[in-house]
Amino acid sequence: QAFLLPDNNSVLIVGGSSGGKPSSAAELFVPWQDAIKTIGALAEGRAAAAGSPMGRKGSLLVAGGIGAKGALTSTETLAYATITTDKLDYVPGETVQITGTGWLPGETVTLLFHEVPTYDPDHTQTVVADAAGNIRSQYLVEPRDLGVTIYLSATGQTSGRQAQTMFRDGPASLEHCAN
């Protein structure tokens, strides 16, 4: 099964079959890197399982399926990292509030800000996850960011977990400035 992860911008691929046997593989397709990364494994191989991201950010529920000994009635969860901003569109001078979940407690997370079109070189920040694996940071939208889309990628330095989102200073902001 493949699941588009909310607040992550990646696809988690879990279970399935390999060589006719249920697979326990858990891999993340990271489209902005055009890469597939192994992120661990299910507790047991599951073919034809069902699943869904849970209401709690950073958690995917996988249920049922076919295991090595037949039908499975068990469930398990997989954790993944998230990164979000308080809104999508900003006016120059506004501060972007950045939050994330699913990082290791005490882990240093690198935030990479990439502008399109590029007016400034990529900018990085580091933040440390709290005891619950949450991060918080801020980014100031500058006047020269008008019309720019900023892609924000976050990477855990210990876990290697990754997440991406985007925000902009675009047309909706221009309408706001005109009022």
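Is Thr-84 buried or exposed in the structure? In this predicted model, Thr-84 is buried, with a relative accessible area of 10%. The residue belongs to strand 12, which spans residues 82–85. Leaving aside residues up to four places away in sequence, Thr-84 touches Asp-7, Lys-57, Gln-97, Ile-98, Thr-99 and Thr-165. Two of these partners, Asp-7 and Lys-57, are themselves joined by a salt bridge.

Confidence in the prediction was considered next. The average pLDDT of the protein is 90, and 94% of the residues score at least 70. Residues 172–179 have a pLDDT that stays under 50, and for this segment the model has seven contacts beyond four places in sequence. Where pLDDT is low, the predicted coordinates should not be read in detail.

Side chains of opposite charge can pair when their charged atoms come close. The count of salt bridges in the model comes to five. In the pair formed by Lys-57 and Asp-7, the closest N and O atoms are 3.3 Å apart. Lys-57 lies in the loop between strand 7 (50–53) and strand 8 (59–63), whereas Asp-7 lies in the loop between strand 1 (2–4) and strand 2 (11–14), so the salt bridge ties together parts that are 50 residues apart in sequence. Lys-57 counts as partly exposed, at 45% relative accessibility. Asp-7 is also partly exposed, with a relative accessible area of 30%. The backbone of Asp-7 carries a further feature: phi is near 60°, a positive value in a residue other than glycine.

A second salt bridge is formed by Glu-76 and Arg-46, with the closest N and O atoms 3.0 Å apart. Because Glu-76 is placed in strand 11 (residues 75–79) and Arg-46 in the loop between strand 6 (35–41) and strand 7, this pair ties together parts that are 30 residues apart in sequence. Both Glu-76 and Arg-46 are buried. The loop between strand 6 and strand 7 also holds Ala-48. For Ala-48, phi is near 60°, again a positive value in a residue other than glycine. Ala-48 counts as exposed, at 66% relative accessibility, whereas Arg-46 is buried.

Another salt bridge brings together the side chains of Arg-144 and Asp-120, at 2.6 Å from N to O. This pair links distant parts of the chain, 24 residues apart: Arg-144 is in the loop between strand 16 (135–140) and strand 17 (148–156), and Asp-120 is in the loop between strand 14 (108–116) and strand 15 (123–128). The partners fall into separate accessibility classes, since Arg-144 counts as partly exposed at 47% relative accessibility, while Asp-120 counts as buried at 17%. The pairing extends to Glu-142, as Asp-120, Glu-142 and Arg-144 are linked in a network of salt bridges.

The loop between strand 14 and strand 15 contains Pro-117 as well. Val-116 and Pro-117 are joined by a cis peptide bond, for which omega is about -5°. This loop thus holds both Pro-117 and the salt-bridged residue Asp-120.

Terms used: Residues are numbered from 1 along each chain as its sequence is written. This is a predicted model: local features need pLDDT of at least 70, side-chain atom pairs count only at pLDDT 80 or more; totals for chains, interfaces and linings use all residues. Side-chain values use heavy atoms; hydrogens and water are left out. A salt bridge is a side-chain nitrogen of Lys or Arg within 4 Å of a carboxyl oxygen of Asp or Glu. Helices (H or I, at least four residues) and strands (E, at least two) are DSSP runs, numbered from the N terminus. Buried means under 20% relative accessible area, exposed over 50%, partly exposed in between (1.4 Å probe, protein chains only). pLDDT is the predictor's confidence in each residue, from 0 to 100. Contact means heavy atoms within 4.5 Å.
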